[in-house]
Amino acid sequence: MTQNVHIRLASQRIDNTIVGTSEVPRLYTPGEIITCRSGFMRGHGTYMEEDALTASVAGVVEQVNKLISVRPIKNRYNGEIGDVVVGRITEVQQKRWKVDTNSRLDSVLLLSSVNLPGGELRRRGTEDEQMMRKYLQEGDLISAEVQKIYDDGSLSLYTRSLKYGKLCQGVLVKVFPSLVKRRKTHFHNLPCGASMILGNNGFIWICPTVSEDEENGLGGFTENLLEVVPRTDREVIARLRNCILALANCKMMLCDTSILYAFEESQKYEVLELLRPEPMLDVCVLTQQRLYMQEDE
Amino acid sequence: MAEILLSEAEKTFILHGVEEGFRCDGRMRLDYRPMEVETDVVSHASGSARLRLANTDILVGVKTEIDTPYPERPREGKIEFFVDCSANATPAFEGRGGEELGTEISNSLATAYQSSQTFDLTALCILPGQQCWKLYIDILILECGGNLFDAVSLAVKAALHNTRVPKVKGACLDGGTVDLQLSDDPYDCCRLDVSDAPCLVTLCKIGDHCVVDPTAEEETCSSGSVVIAITEKSLVTSVFKTGVGSFHPQTLIDILKVGQTIGLSVNKALRAALLEEEQQGRKKECFGFLK
Amino acid sequence: MVIREHTAPGFNRPAENFGNHVISQKTMNEFYTIIDIRHNVTLQHPVALLRSDFEFCFDAVCVQRDTAVVTAVFGPAEVKPQRILIDKASVEALYRPKTGLPRVHDKMRETLIRNTCSTALLVTLHPRTSISIIVQEMQDSGGLLACAVNAACLALINSGIAMKFLVAAVSCMIDHEDNILIDPNSKQLKGSKASLTFVFDSIKKNIMACHTTGRFTQLQYEESLLKCRNGSDKIFSFYREIVRKVHQEHDRMSPTCRT
Amino acid sequence: MATCYKSIHPVKYYRDFLAKGVRPDGRDMQKFRPVSINVDSIKTAEGSAIVKIGNTVVVCGIKAELAAPKAEEPNFGYLVPNVELPPLCSPRFCPGPPSDLAQVSSNFIAETLTSSGCVDLKDLCIAPEHLAWVLHCDLICLDHDGSLWDACVIALVAALRTVKLPHVSYDVEAETTVVSPEKRNKLQVHNTPVATTFAIFDDEILLTDPTNEEESLSSGVMTIVVQGGQLCSVHKPGGSPLTESQLQECINGAMKRAEYINKLVNMTLESLGT
Amino acid sequence: MDRTATLTKKETSGHESQLGLDTKADRLTDHVKTGVVSQAKGSAYIEQSNTKVVCSVFDPREIPRKSGYSVNGELYCEFKFAPFSCIQWRSHQPDAFEKECSLILRRSLEPAVCRHEFPNFQVDVYALVLENDGSALAAAITCAALALADASVPMYDLVVAATLGVHGDKKFMDPTVEEESLCNILPPDGRSRNHGIITAAFSPAHQQMSEFAQSGAMDIDCATSSIQLLREACESIYLLSQQCLLKGVTKMLKKKQKEIKLDLSSDRIAC
């Protein structure tokens, strides 16, 4: 049996910031005046003090026409309608589930917003209420879409589409929500042999690719616990996981392209090696270069 | 332990991975995640160390104080462990939440260091029956990312390695009171021999196999773990079980044997790292906590 | 602790008065009434006082000779789920000593006051509520337990919570010459062989509660009981007197004058 | 059917029984439960006793320690009684700090000890101002089925009478203490107080030696401590009022009980001696 | 190895139980007895040479201070020494050792209890050592398992525990207090420098070790060979425990029958 024990020294610590070619944007700190001119609208992360628009959080200023807002550097997930999220059930309540989506407040998944087994358009009876824990219990993972934002900022989710629903075997990776690039699609069947859901909330789900026809039969609520994921799939999943964490560690934006590049660049290392800082940095630098090259093209 | 939620499917995935010998992060069953150690991080302590194992972050400070030895052990000094599970580590430690875990860890360390074959307490004796050094070992859990026992024991051993006890130039008994003369030079001090200090190895049983250095997710899947304290001379100084599961006696014997070999390599790795740091000479800068 | 906040102003005022043991005749207006339960009536300053400050808090200060106790009654009010009784009110007594934390003998007083009061109250009228009696010791010059029980009873009268009967506590001692002394002071108690405290109900004058220390014969016990029972009459009549006076006071102060 | 009736309306169930002059456990009103005493069974304690009254079990263990006497009482030793009602003995008690009942019981036992004067604290002094015995009298209830204080007092007194303290000599000049564990002296116990508990059911019926159930259903309890024809304590912490004749009845009952218990304790201790 | 020590201890079991908690003298039951605390749902008393332990178990109650749903019920264990049980007087506040023992007690029992049968509920287990003459923790574990069984808490198997003391080449099964303190110190230079104490809890029906707690310092061979010894010791205690439980049940059945008769007569009174 092999065993690996690596103990490094703090002096060997490496700097994992990758300075890109693009300029570092101007950061504002709370209390700093953004502008004294009038005619702007006050957005999130700002407040008015004696006619001056002032930042209330530390972050980057964003301007949309007349609206000025400050996007904080580090933030919990602020949901927007239509976002794809991955979440974990934390509580089963009357007619609804509470879902942890990395937001300030737990999100809500109503019993009426899910597809129940046996037909989409079925009335939800008391029987279904009692069966709720059978469908989704504490700890279960789901992919869903944000349907509504309540007044208190909590989100209402729905899974009434075949692509959403309960997630089966795989790995969840948590990163900062701001690192996930907004794209048209967040569901990816990667050519390397795994599927990935890049949740807008920073929860990323990696699982073995399921063929189309199989998926249709799932209906969202069955999980195959007997099926053993083969070793090759596992290696791909583990490599993807480590690559994503490496990219996130270097604060690089995550999208299917960057992840795929990182995956390809990491091939010279063993999966296990990707847990160490040097290979992690190396992969990130190479990925960054490829992204620039692509941009230039 | 702060339990995290996992779905059944995730648990199955982890379980099958362990069976396969290929864990979610690409490790084999007996691989540790990379660790990082730094000693002498707290300037006011007699000795200190900080150890980071993935997301688990431990800071250990050693303080020395003069005390009277136990009447039944007049030639030995004292050692006391205190674990502070700060609420910063995980919200579950808030209030009194971390207290139970804290006493569990400090008790396990006390047991592992109990035998005189581990850490030689006689070196802490000043005047037999009258005065001795007492080492207060304060362990701060800054972040909790699983596998606390292993990380804490390594950090403690590193901190003890770093500990400098002031030299006593002279001690004499004057009537009932003891007169001590300590060296004025702060650099004139004794080191402690930590070669026999034990390291704790947690073997986490997932399915029918055991893994070392479990992540928080893997800990959730486990039915129970065996923690073994091993010294460099491969003596077992403490064994105990955590979690709710139970073991077949034969499994237990196998686990003990595996634990022993791992314990030896962990001890070796730590020793190598500490030696290397020492060779770098007196550090000018402390890297501390900025990552 | 809402309770503590509420009682604080109520407790502080009398404390200033009794701190130096002097209550001048001037301040002894209608609110202060004189009580003496000993046979040879000599007026020192045995005083009792009644006030009511808050809507749900009813205070009473009982001073017997130099022993002083302040009590407050809260309720019927919301009750904690653990203490809830479905068929009656849960009566709770809190005894706070003059200094320090409550000790074991304070717990004994607490239990005695609680049991006595819960028997005297019509607890079944207020199911699922709590009635708390808070007793603060101010000064102990003998007969503290008796004083505390009387203070609690006064506070209950003042609270207007329905009661089955009133209670009165009288203490006595037996000295080394086997004399029985009613309501002894702390100086006299030093030379005691035994001390006894009785609590009587107002209807049949039966024994509600009894606490003794020291050794005594059965005969001495019965004799003490008899003397104390006679003494209790004075306390009951004093209760009536005080209620009358308070009533007058209420009549005098028209509702508009009251703050 | 009877068990159903009992759980639905326990008071009425009892009332029906008592109307016939018998208690549900088969005793009549004035009958005591059997008492058994076992002394000196715990070897780690200087003195010990285990008392069973019906189901109620109380263990008393006495440990002796040496300490300096209080400055204001230089000739006195210490006697520290403590009643523990662990959660083990009844579902009524929770883990954590001592319950109110445990504290009240400790107070009662301490008062009984001083009132009866069964141990002279001067006997516990070895060298005035310098050295005295501390006797930790720990009473632990193992099974709380009513009449707790009766069992406590018997256990305490029986345990005190088994205490054998090692001979201690103290040299004032050199401030040295020599303990000789092989030379042991019996502790002087001057008298034996006996407690008897009564419960008042429905404001009028007196139940002697009540069980836990009877105590909780009753409207009041009273404990009388008798010692050598004299009263040592009459403790009635509130509850239903009692008439004088009822009180007298109780005192008489307690007096008779004391004689019996005294005999029993003596017998047990004698059997130990042989 | 000192197996004879164990045997002699077992053989001295003929005399009457010292505490007198048990009135009838019997070879088996005066060492182990169930149903000793009338107020508890289940209880047991065990006497191992001079070590005396009482244990009681109460009805499941809701887990205090818990908001979420817990699939498995919980065990709350408290291990306590009576103030007079040891050579030194012990304070009433639980110390670190008692807390650790409570933890070990819980870890030993948990695997054997069908905790899924009482979700969201907690069963309280209290163990009190009246006299400690060594191996108190093992006695408490055996006793607690019996009390759980007596309380009809569903269990996969009984749990029995034994303690082994190691000092050099000598091994003491169920060591006394003196032997325990001997095992805590390093043996003088000789062939073997092993020393320490091992307490193991074992469920024989499923051959599962639910706890293995070792202190001291010993080589791996000593530790592994002890497992076998402890297992054998546990098997012999297991028989004792089983017999005791059986006896308790038969006794209860007889009592029940009597009660039914009594019940009929009491019904007559009640009606």
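**Figure 1. Strand pairing between chains A and B.** In this predicted model, Ile7(A) stands opposite Met35(B), a residue of strand β1(B). The two residues belong to a pairing across the chains: β1(A) and β1(B), the latter spanning residues 35-39, run in the parallel sense and are joined over three bridges. For the complex, the predictor reports an ipTM of 0.83 and a pTM of 0.84.

**Figure 2. The side of chain A that touches chain B.** How many residues of chain A are in contact with chain B? The contact involves 40 residues of chain A and 36 residues of chain B. On the side of chain A, four elements give two or more residues each: β1 (7-9), β9 (84-93), β15 (171-174) and α4 (231-249). Of these, α4(A) provides the largest share, seven residues. Sorted by class, this side of chain A has 18 nonpolar, 10 polar and 12 charged residues.

**Figure 3. A four-stranded sheet of chain A and the helix that lies across it.** The strands of this open sheet follow the order β15-β18-β17-β16, and their pairing is antiparallel. Which strands form the edges of the sheet? The edge strands are β15 and β16 (187-190), each of which pairs on one side only. Neighbouring strands are turned against each other by 20° on average, with direction ignored. Within the sheet, β17(A), residues 194-198, and β18(A), residues 203-208, are linked by five bridges in the antiparallel sense. One position of this pairing can be located from Ala194(A), whose bridge partner in β18(A) is Pro208(A). Helix α4(A) lies across β15, β17 and β18 of chain A and runs at about 160° to β18(A). Both α4(A) and β15(A) also give residues to the side of chain A that touches chain B.

**Figure 4. A three-stranded sheet of chain A.** Here an open sheet has the strand order β3-β6-β5, again with antiparallel pairing. Its edges are β3 (33-35) and β5 (46-49), and each of these strands pairs on one side only. From one strand to the next, the twist averages 45°. Strand β3(A) is joined by two bridges to β6(A), residues 52-55, and the two strands run antiparallel. Ile33(A) stands opposite Thr54(A), which lies in β6(A).

**Figure 5. A hairpin of chain D.** Strands β7(D), residues 164-171, and β8(D), residues 176-186, pair over eight bridges in the antiparallel sense. In this pairing, Ser169(D) stands opposite Val178(D) of β8(D). Four residues lie between the strands of the hairpin, and Glu175(D) takes a positive phi near 55°.

**Figure 6. A helix crossing between chains C and D.** Two packed helices are described by the angle between their axes and the distance between those axes. Helix α2(C), residues 104-120, and helix α3(D), residues 100-116, have axes that come within 8 Å and cross at roughly 110°. The helices are therefore roughly perpendicular to each other, and the crossing of α2(C) and α3(D) is left-handed. Which residues make the contact? From α2(C) come Val104(C), His105(C), Lys107(C), Met108(C) and Thr111(C), and from α3(D) come Asp100(D), Gln103(D), Val104(D), Ser106(D) and Asn107(D). By class, the contact of α2(C) with α3(D) comprises three nonpolar, five polar and two charged residues.

**Figure 7. Two packed helices within chain E.** Helix α2(E), residues 96-109, packs against helix α3(E), residues 136-150, at an angle of about 45°, and the axes are 10 Å apart. The helices α2(E) and α3(E) are therefore oblique to each other, and the crossing in which α2(E) passes α3(E) is right-handed. On α2(E), the residues in contact are Cys101(E), Ile104(E), Leu105(E), Ser108(E) and Leu109(E). They meet Leu137(E), Ala140(E), Ile141(E), Ala144(E), Ala145(E) and Leu148(E) of α3(E). What classes of residue make up this contact of α2(E) with α3(E)? It has 10 nonpolar residues, one polar residue and no charged residues.

**Figure 8. Prediction confidence along chain E.** The mean pLDDT of chain E is 82, and 84% of its residues reach 70 or more. Over residues 1-29 of chain E, the pLDDT is below 50. Beyond near neighbours in sequence, this stretch has 43 contacts in the model.

Key. Residues are numbered from 1 along each chain as its sequence is written. Chains are lettered from A and ligands numbered from 1 in the order in which they are written. This is a predicted model: local features need pLDDT of at least 70, side-chain atom pairs count only at pLDDT 80 or more; totals for chains, interfaces and linings use all residues. Two residues are in contact if their C-beta atoms, placed from the backbone, lie within 7 Å. Ala, Val, Leu, Ile, Met, Phe, Trp, Tyr, Cys and Pro count as nonpolar, Asp, Glu, Lys and Arg as charged, and the others, Gly among them, as polar. Two strands pair if DSSP finds at least two bridges between them. Axes are lines fitted to C-alpha atoms, for helices over the stretch in contact, and angles run from 0 to 180 degrees between N-to-C directions. Angles under 35 degrees count as roughly parallel, over 145 as roughly antiparallel, 65 to 115 as roughly perpendicular and the rest as oblique. A crossing is left-handed if the near helix is turned anticlockwise from the far one by less than a right angle, and right-handed if clockwise. pLDDT is the predictor's confidence in each residue, from 0 to 100.
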